[in-house]
Amino acid sequence: MLSRRNFLTGAAAAGVTLASSAPASAQPSIAQPRRLIVDAQIHMWPPNRPDRPWPAGAQPQIPEPFTIERVVPMIDEAGVARVVIVPPTLEGERIDYAQEAVRRYPGRFGIMARVALEKPDRAGQLATWRQQPGVLGVRLNITGEQAHWLTDGTADWFWPAAEKAQIPIMFLTAGQTAEFGRIAERHPQLMLIIDHLGVSTATLRAGKMPEAVAQSAVLAKYPNVSVKLSSAPLFSSEPYPWRDVTPHLKRLYDAFGPRRCHWGTDVTNSYAKATYRQRVTHFTEELAFLSEDDKDWIMGKSIIERLRWT
């Protein structure tokens, strides 16, 4: 006689067999977590107007303002969750427009504010730097007339002050990335992030991109240094997907690993060369050396961790 216990056991086994043999469409689906995508650099600026004029001689990367109203639909369409705003040089040390984006879209925007390296009296501000709404760290553009600040002592006050205050630093030089080796070694708790593979526009024009990338790769030996694989279209002489840039990206990926590489667009610096979505799919679809786990880190997790962006 078939007992109730035997019946239930048999029914359960039959259910497992039926479920395993059912077509895939009939199986319960497990939702895959959406990849967190974070653009590690966008410049944004409001219109030039009498109550908020641009500095004399200012040359924005594109002639029209790159406003909050332009950026939000663009990142929404591409599935980008967060953006790091780097206020352009025409804004000087002002961050009020970037903070407007932070206020209007909580959690979506962070700011790498600028500091005047030639003014050591700014050291007192660093202790409370990240208490400013949206501010995550500092961005330094040490190129052109400022290049000597790295070697003449002008910036020496900054590194220990930023290390003590735990301020992450993004930086771009014109072929002087190697100078940051001694800074990284002397200040091991200072988070340093190389911008744009370590390649400035001047370096690119001089035909010295391979040398600049090599300088960046050498700094991978310091755990407190990471690199932004940003502005790829600018460095290419080919159409999408910019295959001539792939060896440089691969070299830095091999040196730093996915947890110390950060995707970013710097979209206004090569605005006419690619759509914003292409800048995303370049990494998510076109770089065969990246695993899905690599993409998770490079496209968002690594910069969130590096900047301590909660």
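This is a short dialogue on reading burial, cores and ring pairs in a predicted model.

Biologist: What should I know about the model before reading it?

Modeller: It's predicted, so local features need pLDDT of at least 70 and side-chain atom pairs count only at pLDDT 80 or more, while totals for chains, interfaces and linings use all residues. Residues are numbered from 1 along each chain as its sequence is written, and side-chain values use heavy atoms, with hydrogens and water left out.

Biologist: How many helices and strands are there in the protein?

Modeller: Those are DSSP runs numbered from the N terminus: helices are H or I, at least four residues, and strands are E, at least two. Here you get 11 helices and 8 strands.

Biologist: And what share of the residues counts as buried?

Modeller: Buried means under 20% relative accessible area, exposed over 50%, and partly exposed in between (1.4 Å probe, protein chains only). Of the 310 residues, 51% are buried.

Biologist: Which residues have the most contacts inside the largest nonpolar core?

Modeller: In soluble globular proteins, nonpolar side chains tend to be buried together. A nonpolar core is a set of buried Ala, Val, Leu, Ile, Met, Phe, Trp, Tyr and Cys residues joined through side-chain atoms within 4.5 Å. The largest one has 81 residues, and I42, M44, F109, L140, F158 and Y276 have the most contacts inside it. Helix α2 (residues 68-78) gives the largest share of this core, 6 residues. A second, separate core has 12 residues, including V38 and W309.

Biologist: What does R82 touch, leaving aside its neighbours within four places in sequence?

Modeller: Contact means heavy atoms within 4.5 Å. R82, found in strand β2 (residues 82-85), is in contact with several residues, among them V38, D39 and W309. R82 is buried yet has no salt bridge (a side-chain nitrogen of Lys or Arg within 4 Å of a carboxyl oxygen of Asp or Glu). The nearest side chain of opposite charge, D76, is 12 Å away.

Biologist: How many aromatic pairs are there?

Modeller: Rings of Phe, Tyr and Trp (its six-membered ring) pair if their centres lie within 6.5 Å; planes under 30 degrees apart are stacked, over 60 edge-to-face, the rest tilted. That rule gives 9 pairs. Y105 and F109 are edge-to-face, 6.2 Å centre to centre with 70° between the planes. W159 and F180 are edge-to-face too, at 5.5 Å and 80°. That pair links helix α5 (residues 158-165) to helix α6 (residues 180-186), with W159 and F180 21 residues apart.

Biologist: Which residues do ring pairs link into a cluster?

Modeller: W157, F158, W159, F171 and F180.

Key:
Lys, Arg positive; Asp, Glu negative; His and termini not counted.
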